[in-house]
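The following note is offered to a colleague who wishes to read this structure at the level of individual residues. The points are numbered for ease of reply.

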Amino acid sequence: MDVPRVGAGECHVWIADAVREPSPSLLELLDDRERSRYGAFVRAADRALYLTAHALLRELVAAQLGTAPGEVRFVHECRHCDRPEPHGKPRVAGSSLEPSLSHSGERVAVALSLAGPVGVDLEEVAEDGRAAELAPVVLAPAERAWLERLPAAERTPGFVRYWARKEAVLKATGDGLTVPPALLTVSAPDAPAALLEWREREEPHPPVRLHDVDAGDGYRAAVAVLGEECRVVRHETGYGGDGVLRRPRRG
């Protein structure tokens, strides 16, 4: 199957539904470490999300490199600790291609960029009380004030939009949640995505290009790329019951 190629100055984001049943052909795409992590999940839904995201990442990277998915090698970099096991921001060994992945609910997102380090985050909009609980520690004062002015029914979607944008930025930089998200101020959910302020951030640093991504009804997603302006291209794809990737639809 033809997979769209990522060009210079581009970031491509693929959105897919999680597989409903694990396919042996997808499990074969994973390396030993990934299969071990897959098997450690207790819930079938968590295994499905993990399998879909990591199989899709391998297939998409392999298509860019002209190799087999099983030959793709990832290295993981963590700037904050020296734990021996692989963890932290993934990189494609021997390539300038930058990857990121995310999953939530029943959907996954994979981003690939040649424009600079990338971070993608996808979040399900769930009325589980998490927005009210996390807003005081996740949002900057101006963001909390904006959220509190919304009607009650709009606060959870608004919070999730804020959260996806911040997670995308922190994934791109490789900081993750070692940096308190409240130090970042991003644009309001009804405005184009942008990083407005990062308190206590060390200079110099590359510019952050932040974009919202359509992840379907009931979801919010964002992608951040460090460096020059880039073009974001979105694709919708997924796996059939036979474990074969459907032709991506561009949108």
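**Notes on the predicted model**

1. Ala 164 is a residue of helix H6. The model is a predicted one, and in it Ala 164 has a relative accessible area of 0%, so it is buried. Its C-alpha atom is separated by 9.7 Å from that of Glu 124, a residue 40 positions away along the chain. Glu 124 appears again below, among the residues that line the largest cavity.

2. How far apart are the end C-alpha atoms of helix H6? The helix runs over residues 152–173, and the distance between its ends is 33 Å. With 22 residues at 1.5 Å a residue, a span of 32 Å should result, so the model agrees with the expectation. Just after H6 comes Gly 174, with a positive phi of about 85°.

3. Of the 22 residues of H6, 16 are buried, and the helix is therefore largely enclosed by the rest of the structure. Lys 166 belongs to this helix. Is Lys 166 buried or exposed? Its relative accessible area is 1%, so it is buried, the cut-off for that class being under 20%. A polar atom of the Lys 166 side chain lies 2.9 Å from the backbone oxygen of Val 138.

4. Beyond H6, Asp 175 is placed in the loop that leads to strand E7 (184–186). With 12% relative accessibility, Asp 175 also counts as buried. Its side chain is in polar contact with the side chain of Thr 173, at 2.7 Å.

5. Helix H3 (residues 44–65) can be examined in the same manner as H6. H3 has 22 residues, and from its first C-alpha to its last it reaches 32 Å, close to the 32 Å expected at 1.5 Å a residue. The residue that follows H3 is Gly 66, whose phi is positive and near 70°.

6. A positive phi also occurs at Glu 200, which is not a glycine; the value there is about 70°. Most residues other than glycine have a negative phi. Glu 200 is found in the loop between strand E8 (195–198) and strand E9 (208–213). With a relative accessible area of 71%, Glu 200 is exposed.

7. Strand E6 (residues 118–124) includes Asp 121. The relative accessibility of Asp 121 is 3%, so this residue counts as buried. Between Asp 121 and Trp 163 the C-alpha to C-alpha distance is 8.7 Å, with 42 residues separating them in sequence. Val 120 lies in E6 as well, and at 0% relative accessibility Val 120 counts as buried. From Val 120 to Leu 245 the separation is 125 residues in sequence and 21 Å in space, C-alpha to C-alpha.

8. How many cavities of 30 Å³ or more does the model contain? The count is 1, and the volume of the largest cavity is about 40 Å³. Its lining is formed by Glu 124, Ala 126, Asp 128, Arg 130, Ala 131, Thr 156, Phe 159 and Val 160. Helix H4 (130–138) and H6 are the elements that contribute two or more residues to this lining. H6 provides the largest share, 3 residues. Sorted by class, the lining consists of 4 nonpolar, 1 polar and 3 charged residues.

9. A disulfide is a covalent bond between the sulfur atoms of two cysteines. How many disulfides are counted in the model? The count is 0. The sulfur of Cys 11 has its closest cysteine sulfur in Cys 230, and at 5.5 Å that is too far for a bond, since a disulfide requires the two sulfur atoms to be within 2.5 Å. Cys 230, whose nearest cysteine sulfur is that of Cys 11, is accordingly in no disulfide. Both cysteines count as buried, because the relative accessibility is 0% for Cys 11 and 9% for Cys 230.

How values were computed
Residues numbered from 1 in each chain as written. Predicted model: local features only at pLDDT ≥ 70, side-chain atom pairs only at ≥ 80, totals over all residues. Heavy atoms only, no water. Helix = DSSP H or I, 4+ residues; strand = E, 2+ residues; numbered from the N terminus. Expected span 1.5 Å × (residues − 1). Buried < 20%, exposed > 50% of the residue type's maximum accessible area, 1.4 Å probe, protein only. 1 Å grid on protein atoms, 1.4 Å probe; cavity = no way out; pocket = protein on both sides within 12 Å on 5 of 7 lines; lining within 4 Å. Points joined across faces, edges and corners; volume = space filled by probe spheres on them. Nonpolar A, V, L, I, M, F, W, Y, C, P; charged D, E, K, R; others polar. Polar contact = N/O pair within 3.5 Å; in protein donor to acceptor, adjacent residues only side chain to side chain.
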